[in-house]
Amino acid sequence: MYRAQLIRSSTFLWALAVAAAFALFVLALFAFIYWKLDDYLVTRSDRMITTQIHFIADLPPARRIGAITDHLDQDSRGVQYAGLFDAAGTRLAGNIDHLPRALGLDGAVQGVRLDLFDKPAAHSPVVRTVGRRLDSGDVLVMGRNVDETREISSVVGQALALGLLPAFSLCLLAGVWLSARAQRRVEEVNQRVQRIVAGELRERLREGKTDDSFARLAKIVNGMLDEMETMINALAGVGNDIAHDLRTPLTRVRLALERGRTHAATLEQLQEIADKAIAGIDQSLAIVTALLRLTEIENNRRMSGFGDVALDEILREVCDVYEPIAEDKHIVLGVVVDRNVQVWGDRDLLFEAVANLVDNAVKFTPSGGRVELALEAEDDTALVCVRDTGPGISEQEREAVLRRFYRSDKMRHTPGVGLGLSLVAAIVKLHGFRLIIGPAPGGRIEILAWTGRAGNAASRRFRTLQHADADQMG
């Protein structure tokens, strides 16, 4: 089974295709080299015998026979041929028995069959030959056997062909190794994913130490699993949180209505009980509305309203809204703006985020305290800071306060539904900004935003990534 999967794997098939293409290329290269080498050796032989016939033809007649004899005596390999014939065709010297009939005497090199002197006719070789009629009427013939060039070309071709087999085998072995390696990693991913599907949410893919495609994919998948685990864990407690937070106001409504039905004796008492019931219902509706609002923001349905937003104006408007509330609690509320700052975002959502931060600061700051809004800008960044003299958020609670319905024990009796910072975190994430919670004592929460063109580009990149992630999840 494993071998069948290995052979059918795309990696092995690609390696096989590359090996086949490489083999065809090498064969074509060998054929080209063989052809060029053979052509070169034949051309060199033709040039050599042409030079030799010109040299002997230019000698005096008395020296030609001696020159032919010396030329043949120096041929230890027996590949040289020469013959001198008179006008009647009678052999005068050399190892050629008689003048070939098919040989032209115009000095052009031809491939003809020669009958050798003192050799059987059955062994007449086909050699490269050139003939020339001399001024005296004699005919001079020079030839060279090119079988040795064929042998050299054959040896080279065999050597190159033998080199093809190891190269082809090496490609196949590389394909098998790569395929087996990929198969093992895919099988490991399958096993881990199956364990994740079975409910082991803490299982992660092995990233490895190399920066290859599998490692990058494993890192992306692990990040996605981290986010999913966080969301699942949050969802697991959302039901209980909703039930707990809705139970109290609904119970109060029921008790108020029940007591009113039993004990109300006047219209004023009945109206008072109805007001209490309406207040409890309003609190329940506020929780539901906040949850719907949070879901809407987290699902990125508010991007159509993005545009240039003046952060400094938002801070001043929030300060104007909450200044009377702060005065009622004897809290000093002030705003410090470094300069006018433009960011790319949804104005209503950003106003809501800053208002939630200020509302929390005013709510948890004791009487006689101070709340300050500050806006600082530098280069392509802007920092919105909300500071107060309240108890602040401890280091252990910085992540917990961003969860839905989370309320610390010391703030359990303070009015609210525990969704304010969750809304702020969702709005900040939607815009691609950063939410920073400062250390206690004293409350300090900051929103780091990108301004100008950099803010527009960063926001667009962030939303593009969010859409891509959503498409992949879908």
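Biologist: Why does Cys385 count as buried?

Modeller: Its relative accessibility is 3%, and buried means under 20%, so Cys385 falls on the buried side of that cut-off. Do keep in mind that this is a predicted model.

Biologist: Thanks! What makes Cys319 buried?

Modeller: The reasoning carries over: Cys319 has a relative accessible area of 5%, and the limit is under 20%, so Cys319 is called buried. Across the protein chain, 39% of the 474 residues count as buried.

Biologist: How many disulfides does the structure hold?

Modeller: Zero. A disulfide would need a pair of cysteine sulfur atoms within 2.5 Å.

Biologist: Let's turn to the strands. Why are β2 and β3 said to stand at the edges of their sheet?

Modeller: Five strands form an open sheet, in the order β2-β1-β5-β4-β3, with antiparallel pairing. β2 (91-94) and β3 (110-113) each have a single partner strand, so one side of each has no neighbour in the sheet. From one strand to the next, the twist averages 30°.

Biologist: How do you know that β4 and β5 pair?

Modeller: Two strands pair if DSSP finds at least two bridges between them. Strand β4 (residues 126-133) and strand β5 (residues 139-144) are joined by six bridges in the antiparallel sense, so they meet that definition. As one example, Gly131 has Val141 in β5 as its bridge partner.

Biologist: Which helix lies across β1, β2 and β5?

Modeller: That is helix α3 (residues 61-73), which runs at about 160° to β1 (80-85).

Methods. Residues numbered from 1 in each chain as written. Predicted model: local features only at pLDDT ≥ 70, side-chain atom pairs only at ≥ 80, totals over all residues. Heavy atoms only, no water. Buried < 20%, exposed > 50% of the residue type's maximum accessible area, 1.4 Å probe, protein only. Helix = DSSP H or I, 4+ residues; strand = E, 2+ residues; numbered from the N terminus. Axes fitted to C-alpha atoms, helices over the stretch in contact; angles between N-to-C directions. Contact = heavy atoms within 4.5 Å.
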